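User: Please take a close look at one part of this predicted model. I would like the packing of one helix pair first, and then the residues elsewhere that help to place it in context.

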Amino acid sequence: AGGLYPLAAQHNREICGGSCHSVGIVGWSLAGGKGFTTPMYGLGVDQLLHVDLVSSNGTILSANFTHNEDLFYALRGGGGGFGVVTSLKIKLHKPICGSMEDCYSYWNSSWSGVWNKSTEQQTEIKKVISTAYEWRTKNDQFWNGFVELDYNASDTTYHVSVGGYHFGKKEMNETQFYSFRDTFKTLTISNSHHTMNNKQVTEDEDAPPTITNKYWCLIFPDPGNTSNCDLYPWSVQRWTQSIRFLVSSSTISNDVTRTELVDALIKYWQPMCDKYPNLPCVSGYQTELFFPAIDKTTGKGVYSTGGAISNDFREVGFQIFNKGVNSNNKNLTFDEQEHWMHFTLAPAMYKYSNASYFNEAEYTLSPGQWEERFWGKEVHCNLTRIKKKYDPDVVFACRHCIGSEVGFEPNV
């Protein structure tokens, strides 16, 4: 009971899994997989050691690095459609501290206030977001985290929040441990209430982070009891008016392109809709800092074991999604919101990465586009060949899966 995270913890081991606790390990692993520990250990596909499945003709097959290697290649990033998986063997990892006891610290910093439409306030909000992105590139292996930007039109208030989980104790690397505090404590936004670790920021006192032995916790209902965390069961409905787009590590590490990205996000944020009050705008954003640390020599994520993951996906630094769509003067229909997201917002953000995440991609990608953004030409060609070998009649089919391409002809 409780899932794989606490099960592995009973044996003093960490695993790679999703940041949403309702996500199953199989589908998460087969299409890439990013989560709490992937910055340290690589993507979900890099954790796979062995897969058993039922093939399209009813045969039970096993796949690993030495048996049915081509099928194993496809299962590590090719998404669904190659068989019904019955079992997986995945890697377990020893905690960096040796023991999980007090090995993890959760930090947060937030700024809240009334939107006053000033250039100064807008510039300061951009600086906080850009600084958070830059901080992530410099501290990507032992930290995960998120950045949130929200706006409440009813009272014209905004909220900016940065959070991070650190893996490792203070005595192991004090500079790294305090990098979050040292980065965000002095950042200010005009007329805002600034807190760190849920306490008002002051010059003379530092609020300590939450120290815990559970790296998979998102919310602690009782800050005094860090063994009690909230496993909130997110529902699919939460994402109905949201699209997700990836951002490459090269975009983040470059001052010019990072600035352009933040400018683009703010351009579509609802407080900026005053210029065009009848058009849709984004209510807010969340940035997920859950992708593998980037090897500074190769420019790729750490601990890659190959598989059907494109080079562009290996270069991803983080993922951003919008939190709803609104208009200042118009009640938008569901279809109007969806149309704007998929045909205005998403294409505007594609310039910051050549990849899309199979598990969380926007569904209106056109023929030829989704194949390129999911896998790239070479990997897609390999997957098509493997699909025809193991499922020639396309028994297993789904939207934007191998075998659903225009012109793909099953052997029927």
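What follows starts with one pair of helices and then moves to aromatic rings and single residues.

Analyst: This is a predicted model. The pair to look at is α5 and α9. Helix α5 covers residues 119-138, and helix α9 covers residues 255-267. Their axes lie 10 Å apart. The packing angle is about 130 degrees. An angle of 130 degrees falls outside the parallel, antiparallel and perpendicular ranges, since over 145 would be needed for roughly antiparallel and 65 to 115 for roughly perpendicular. The two helices are therefore oblique to each other. Their crossing is right-handed.

Now the residues at the contact. From α5 come Gln122, Ile125, Lys126, Ile129, Ser130, Tyr133 and Glu134. From α9 come Asp255, Arg258, Leu261, Val262, Asp263, Leu265 and Ile266. Sorted by class, the contact holds seven nonpolar, two polar and five charged residues.

Next, the aromatic rings. The structure holds 31 aromatic pairs. One of them joins tryptophan 107 and phenylalanine 180. Their ring centres are 6.2 Å apart. Their planes meet at 40 degrees, so this pair is tilted. The two partners come from distant parts of the chain, 73 residues apart. Tryptophan 107 sits in strand β4, residues 104-114. Phenylalanine 180 sits in helix α7, residues 179-184. Is this pair buried or exposed? Tryptophan 107 has a relative accessible area of 1%, so it is buried. Phenylalanine 180 is buried too, at 0%.

A second pair is made by tryptophan 370 and phenylalanine 374. Here the centres are 6.1 Å apart and the planes are 55 degrees apart. This pair is tilted. Both residues lie in helix α12, residues 369-374. They are four residues apart, about one turn of the helix. Tryptophan 370 is buried, with a relative accessible area of 4%. Phenylalanine 374 is buried as well, with 6%.

Ring pairs also build a cluster. It links Tyr5, Phe36, Tyr104, Phe167, Tyr215, Trp216 and Phe290. Two of these rings come up again at serine 19. That serine lies in the loop between α1 (4-9) and α2 (25-30). Serine 19 is buried, with a relative accessible area of 12%. Beyond its neighbours within four places in sequence, serine 19 is in contact with Lys34, Gly35, Phe36, Leu218 and Phe290.

Phe290 also serves as a reference point for glycine 33. Glycine 33 is in the loop between α2 and α3 (38-41). The sequence separation between glycine 33 and phenylalanine 290 is 257 residues, yet their C-alpha atoms are 9.7 Å apart. Glycine 33 is buried, at 0% relative accessibility. Leaving out residues up to four places away in sequence, glycine 33 touches Trp28, Thr38, Leu43, Gly44 and Tyr357.

Leucine 88 gives another view of sequence against space. It lies in strand β3. Leucine 88 and alanine 348 are 260 residues apart in sequence and 38 Å apart in space, C-alpha to C-alpha. Leucine 88 is partly exposed, with a relative accessible area of 25%. Apart from neighbours within four places in sequence, its contacts are Ile25, Val26, Ser29, Leu48, His50 and Val51.

A second buried serine is serine 283, with a relative accessible area of 10%. Serine 283 is in the loop between β11 (281-282) and β12 (284-289). Not counting residues up to four places away in sequence, serine 283 touches nine-residue company that includes Leu149, Asp150, Tyr151, Trp269 and Gln270. Lys323, Gly324, Val325 and Asn326 are also among the residues touched by serine 283.

Last, two backbone points. Aspartate 102 has a phi near 55 degrees, a positive value in a residue other than glycine. Aspartate 102 lies in the loop between β3 (84-90) and β4. It is partly exposed, with a relative accessible area of 40%. Asparagine 191 is not a glycine either, and its phi is also positive, about 55 degrees. Asparagine 191 lies in the loop between α7 and β7 (192-196). At 62% relative accessibility, asparagine 191 counts as exposed.

Methods: Residues numbered from 1 in each chain as written. Predicted model: local features only at pLDDT ≥ 70, side-chain atom pairs only at ≥ 80, totals over all residues. Heavy atoms only, no water. Axes fitted to C-alpha atoms, helices over the stretch in contact; angles between N-to-C directions. Parallel < 35°, antiparallel > 145°, perpendicular 65-115°, else oblique. Left-handed = near helix turned anticlockwise from the far one by under 90°. Contact = heavy atoms within 4.5 Å. Nonpolar A, V, L, I, M, F, W, Y, C, P; charged D, E, K, R; others polar. Phe/Tyr/Trp six-rings, centres within 6.5 Å; stacked < 30°, edge-to-face > 60°. Buried < 20%, exposed > 50% of the residue type's maximum accessible area, 1.4 Å probe, protein only.
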